[in-house]
Amino acid sequence: MNTKNKNSLDFKYGRMTLARFLSSYRITAELTQTELAKKLGWSKGNVCDIESGRRTIGTERAKLLSDITEIPLDYILEIILNQQLYEAGVRKHVKVEFEKKKAT
C-alpha cells in the first residue's frame with residue numbers, strides 16, 4: 001500500500017536527502033559550491049560530494065551547517081537520520097525533538 005499522500009512534497013519531488021537540502025539551500029542563497037565551502041570551512045570537494053550523495057555528515061558538521069544556514073538543527077538531523085534509515089532498508093521515519101531546558 002502506498003502511504004504517500006499525492007499532495008505531499010515527497011510524492012511531488014521525492015524524499016528529502018542531505019544532497020537535495022544542501023543543493024537547494026546553496027542555490028536559494030545564490031552561492032557557488034566554492035562560496036558555501038568557504039563559509040562552512042569545508043573543501044569544495046566535500047560540498048560537491050555531499051550534493052552528489054557520495055558523502056554524508058556527522059552531528060558536528062550538522063551543527064555547523066545549522067549555525068551557518070540558520071536552519072534548525074533538528075530538521076537537518078531528521079534529514080540525515082531518515083536518509084540513513086531508508087538506505088539501510090528500514091522503512092520508518094524518525095522525528096527529532098530536543099528536550100526543553102528546565103527552569104532553574
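How many helices and how many strands make up the secondary structure of the protein? In this predicted model, the count comes to six helices and zero strands. Followed along the sequence, the pattern reads α-α-α-α-α-α. The protein has 104 residues, of which 32% count as buried. Looking at contacts between residues at least 6 apart in sequence, 39% of them join residues at least 24 apart.

A good place to begin a tour is helix α2, which spans residues 18-28. Buried residues of this helix are Leu18, Ala19, Phe21, Leu22, Ser23, Tyr25 and Arg26. What lies over them? The cover for the buried residues of α2 includes α3, α4, α5 and α6. Just after α2 comes Glu30, whose phi is positive, at about 55°.

Further along the chain, a loop joins α3 (33-40) to α4 (44-51), and Ser43 is found in this loop. Is Ser43 buried or partly exposed? Its relative accessibility is 37%, and because buried would require a value under 20%, Ser43 counts as partly exposed. The side chain of Ser43 reaches the backbone nitrogen of Asn46, at 3.0 Å. Ser43 can also be placed relative to Gln33, which is 10 residues away along the chain: the C-alpha atoms of these two residues are separated by 9.0 Å.

The next stop is a pair of helices. Two packed helices are described by the angle between their axes and by the distance between those axes. For helix α5 (residues 59-69) and helix α6 (residues 73-87), the axes come within 9 Å and cross at roughly 135°. This angle makes α5 oblique to α6, since roughly antiparallel would call for an angle over 145 degrees. The crossing of the two helices is right-handed.

Which residues of α5 and α6 make the contact? On the α5 side, the contact is made by Thr59, Ala62, Lys63, Leu65, Ser66 and Thr69. On the α6 side, Leu73, Ile76, Leu77 and Ile80 take part. Sorted by class, the contact of α5 with α6 has six nonpolar residues, three polar residues and one charged residue.

Taken together, the parts described here can be found again in the structure above. Helices α5 and α6 meet at their right-handed crossing, and both are among the elements that cover the buried residues of α2. The loop with Ser43 lies between α3 and α4, and these two helices are also included in that cover.

How values were computed:
Residues are numbered from 1 along each chain as its sequence is written. This is a predicted model: local features need pLDDT of at least 70, side-chain atom pairs count only at pLDDT 80 or more; totals for chains, interfaces and linings use all residues. Side-chain values use heavy atoms; hydrogens and water are left out. Axes are lines fitted to C-alpha atoms, for helices over the stretch in contact, and angles run from 0 to 180 degrees between N-to-C directions. Helices (H or I, at least four residues) and strands (E, at least two) are DSSP runs, numbered from the N terminus. Angles under 35 degrees count as roughly parallel, over 145 as roughly antiparallel, 65 to 115 as roughly perpendicular and the rest as oblique. A crossing is left-handed if the near helix is turned anticlockwise from the far one by less than a right angle, and right-handed if clockwise. Contact means heavy atoms within 4.5 Å. Ala, Val, Leu, Ile, Met, Phe, Trp, Tyr, Cys and Pro count as nonpolar, Asp, Glu, Lys and Arg as charged, and the others, Gly among them, as polar. Buried means under 20% relative accessible area, exposed over 50%, partly exposed in between (1.4 Å probe, protein chains only). A polar contact is a pair of N or O atoms within 3.5 Å; within protein, one must be able to donate a hydrogen and the other to accept it, and residues adjacent in sequence count only if both atoms are side-chain atoms.
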